[in-house]
Amino acid sequence: MNPNIEELSVFCKKKGFVYPSSEIYGGMSGFFDYGPLGVELKNNIKAEWWKTHVQQRDDIVGIDGTIITNPKIWEASGHVSSFTDAILECSKCKNKTRADHFIEDKLKIDTAGLPLQQIDEIIRHHKLKCGKCGSTFNESTGFNLMFKTNVGPAEGSTAYLRPETAQVIFADFKQVTDTSRVRLPFGIAQIGKAFRNEISPRDFLFRCREFEQMEIEYFIRPDQTGKCPYVDEVMDYELSIYSAEMQEKKKEPKAMTIREALENRIIKTPWHAYWLSHEHKWFMSLGMNPAHLRMRQHLDEEKSHYALDTWDLEYKFPFGWKELQGMANRTDFDLKQHIKHSGKDLSYFDEETKSKVVPHVVVEPSQGVERAFLAFLAEAFHDDKERGNIVLKLHPKLAPYKVALFPLVSNKPELTKKAREIYEPLKKELNIYWDSSGSIGRRYARADEIGVPACITVDFQTIEDSTVTIRDRDTTKQRRVKAGDIKDELRRIVN
Ligand code: GAP
């Protein structure tokens with residue numbers, strides 16, 4: 001049950017998940033603050049991602065780089081010259097419009113961040129005309145999306161807030177290979193803030209000006225594109241595939257196994273196949289509905305200049321199918337650019353072949369935290385008419401609070417004492433909260449609305465036999481369990 005985006009943003013503000021930033025001064029479009037519940041949910045998403053993508057793998061290590069870097073990084077990466085949003089101006093009525101929004105409305109393709117030349121080619125190729133007067137457009141002009149700042153008091157010290165975390169990984173590539181025991185194939189991961197001066201931020205958290213990314217650059221030896229040691233794990237895994245060809249032929253996406261997609265050359269490399277499945281599985285493991293996920297291949301005209309092949313993991317957001325995560329094959333473009341611009345040797349000595357190589361980024365899984373946050377919330381949001389309240393069915397691993405504990409009534413000191421005895425040790429292990437105000441029904445409803453998977457009630461029977469009730473958020477079923485078994489019960493629920 002997908003709520004609409006206004007409903008979600010109102011809900012997020014009301015419950016303390018997300019607020020408009022600096023609202024007392026009128027706010028700032030594209031900037032959001034996370035409230036007490038939002039920060040927990042966001043931290044849980046990042047922790048789950050880091051656990052699965054870094055800590056539980058032998059082939060990926062993490063870094064945490066700076067937001068402001070030497071500006072030469074962004075010259076080398078091409079962001080200074082071409083990280084622009086294109087503006088279209090009508091040759092006759094002079095109406096100005098944002099090219100990617102205009103093209104997306106007309107052709108249903110995402111062209112955000114493409115160079116101006118490519119935008120103009122798309123406009124020409126599809127004979128797109130001004131929406132107001134039907135005339136042709138002038139050549140598009142660019143607006144650079146990077147935020148500028150000054151470092152120190154000196155003149156000419158312009159630097160940029162990073163528009164993606166990826167480049168910091170490339171710039172640190174040599175230091176990571178020199179100081180850690182990674183051997184190709186391996187990945188370097190990073191979670192951190194990114195900033196883009198979006199011309200028109202929209203759809204709540206979907207397109208913001210300040211956001212976070214969870215990115216991996218996965219490096220392989222250039223001759224190993226066809227050899228992914230993990231692909232057998234996913235051969236029978238099924239994905240909803242929407243290839244470039246299907247889009248061009250106006251076909252619908254098709255469910256198929258990875259084996260089928262590889263045999264038919266729909267997905268070109270086993271590495272891409274593996275990572276598409278891996279990322280899909282991660283969302284599934286945290287409660288996503290597979291009907292709301294699909295893999296869409298970029299059309300040639302959508303692909304960034306550095307990308308050999310790109311697939312987006314798309315989610316059926318309340319405002320339509322949109323990119324949740326991008327997975328591009330960036331080849332050796334970035335390392336080679338940094339070699340050229342820095343003059344440093346960023347090649348890697350491969351022990352197996354006893355030769356120096358510039359590794360290829362065969363896949364860059366790049367996930368925005370805000371988009372994951374929004375998708376998990378949309379997925380979890382249930383307006384339960386029978387209960388008369390929202391039930392936020394978040395996966396217990398993501399839920400801000402894992403448990404709520406209630407003394408049945410608040411005016412009986414012996415009950416409060418018993419409940420505190422149970423509450424205090426649990427608080428040291430789990431994010432649990434205490435609620436003793438209002439009727440039990442009201443307390444259950446409050447807990448449901450913020451996604452608490454289990455509520456424990458301490459009643460008069462607890463004083464006699466040390467048992468409590470545990471109530472399940474999704475079924476509302478209650479069970480009596482021994483107070484001594486609560487930790488095990490909760491561990492089972494959360495994991
Ligand atoms: N390093 C590659 C890269 O940054 P991208 O497609 O521009 O690629 C990757 O961004 C992901 O970052 C997107 O799939 C999305 O989840 C997130 N993202 C990008 N721009 C965003 C914005 N303005 N607001 C929120 N999330 C954004």
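How much space lies in the largest cavity? The answer is about 890 Å³. Before going further, please keep in mind that this is a predicted model.

**The enclosed space**

Searching the whole structure for cavities of 30 Å³ or more turns up 1. Its lining is made of 43 residues, and those nearest the centre are Phe83, Ala112, Arg196, Tyr306 and Glu323. If you would like to trace the wall by secondary structure, six elements each bring at least two lining residues: helices α4 (79-82) and α13 (369-380), together with strands β10 (210-220), β14 (309-317), β15 (320-329) and β18 (360-368). Strand β15 provides the largest share, 5 residues. By class, the lining of this cavity holds 14 nonpolar, 14 polar and 15 charged residues.

Where does the largest cavity lie with respect to the domains? Domain 1 (5-80 + 146-380) and domain 2 (84-144) both contribute residues to its lining, so the cavity lies between them.

**The open pockets**

Now to the pockets. The largest pocket has a volume of about 720 Å³. It is lined by 28 residues, and Leu107, Lys108, Ile109, Gln247 and Arg296 are the closest to its centre. Two or more lining residues come from each of α5 (99-107), α9 (244-248), β13 (293-297), β14 and β15. Strand β15 again deserves a look, as the largest share of this lining, 4 residues, comes from it. Because domain 1 (5-80 + 146-380) and domain 2 (84-144) both give residues to the lining, the largest pocket also lies between them.

The second largest pocket has a volume of about 290 Å³. Of its 16 lining residues, Ser243, Ala244, Glu245, Met246 and Gln297 are the closest to the centre. Here helix α9 gives the most to the lining, with 4 residues.

The table sets out the lining classes.

| Space | Nonpolar | Polar | Charged |
|---|---|---|---|
| Largest cavity | 14 residues | 14 residues | 15 residues |
| Largest pocket | 6 residues | 3 residues | 19 residues |
| Second largest pocket | 5 residues | 3 residues | 8 residues |

**Aromatic rings and the end of helix α7**

Let's turn to the rings. A pair of aromatic rings is described by the distance of the centres and the angle of the planes. The count for this model comes to 28 aromatic pairs. One of them joins Phe170 and Phe219 edge-to-face, with 6.1 Å from centre to centre and 85 degrees between the planes. This pair connects distant parts of the chain: Phe170 belongs to helix α7 and Phe219 to strand β10, 49 residues apart.

Are these two rings' residues buried or exposed? Phe170 has a relative accessibility of 0%, so it counts as buried. Phe219 is buried too, because its relative accessibility is 0%. Ring pairs also tie Phe170 and Phe219 into a cluster with Phe173, Phe186 and Tyr348.

Ala171 is likewise in helix α7, which covers residues 166-171. With a relative accessible area of 31%, Ala171 falls between the 20% and 50% cut-offs, so it is partly exposed. Its C-alpha atom is separated by 7.3 Å from that of Ile73, although the two residues are 98 apart along the chain.

**Charges over rings**

Two contacts between a charged side chain and a ring are worth finding in the viewer. The charged end of Lys42 sits over the ring of Tyr34, 4.2 Å from the ring centre. Arg371 lies over the face of Phe206, and here the distance to the ring centre is 3.7 Å.

**Backbone details in the loops**

Which residues does a cis peptide bond join? They are Leu184 and Pro185, with omega at about 0 degrees. Pro185 is in the loop between α8 (173-179) and β9 (186-195).

Lys127 is not a glycine, yet it has a positive phi of about 50 degrees. It is found in the loop between α6 (116-125) and β6 (141-144). Its relative accessibility is 64%, so Lys127 counts as exposed.

Asp203, also not a glycine, has a positive phi of about 55 degrees. You will find Asp203 in the loop between β9 and β10. Its relative accessible area is 24%, which means that Asp203 is partly exposed.

Technical notes
Residues are numbered from 1 along each chain as its sequence is written. This is a predicted model: local features need pLDDT of at least 70, side-chain atom pairs count only at pLDDT 80 or more; totals for chains, interfaces and linings use all residues. Side-chain values use heavy atoms; hydrogens and water are left out. Buried means under 20% relative accessible area, exposed over 50%, partly exposed in between (1.4 Å probe, protein chains only). On a 1 Å grid over the protein atoms alone, a cavity is a set of points where a 1.4 Å probe fits but cannot get out, and a pocket is an open set with protein on both sides within 12 Å along at least five of seven lines; lining residues have an atom within 4 Å of a point. Grid points are joined across faces, edges and corners, and a volume is the space filled by probe spheres set on the points. Ala, Val, Leu, Ile, Met, Phe, Trp, Tyr, Cys and Pro count as nonpolar, Asp, Glu, Lys and Arg as charged, and the others, Gly among them, as polar. Domain bounds come from an automatic or database domain assignment. Rings of Phe, Tyr and Trp (its six-membered ring) pair if their centres lie within 6.5 Å; planes under 30 degrees apart count as stacked, over 60 as edge-to-face and the rest as tilted. A charge sits over a ring if NZ of Lys or CZ of Arg is within 6 Å of the ring centre and within 35 degrees of the ring normal.
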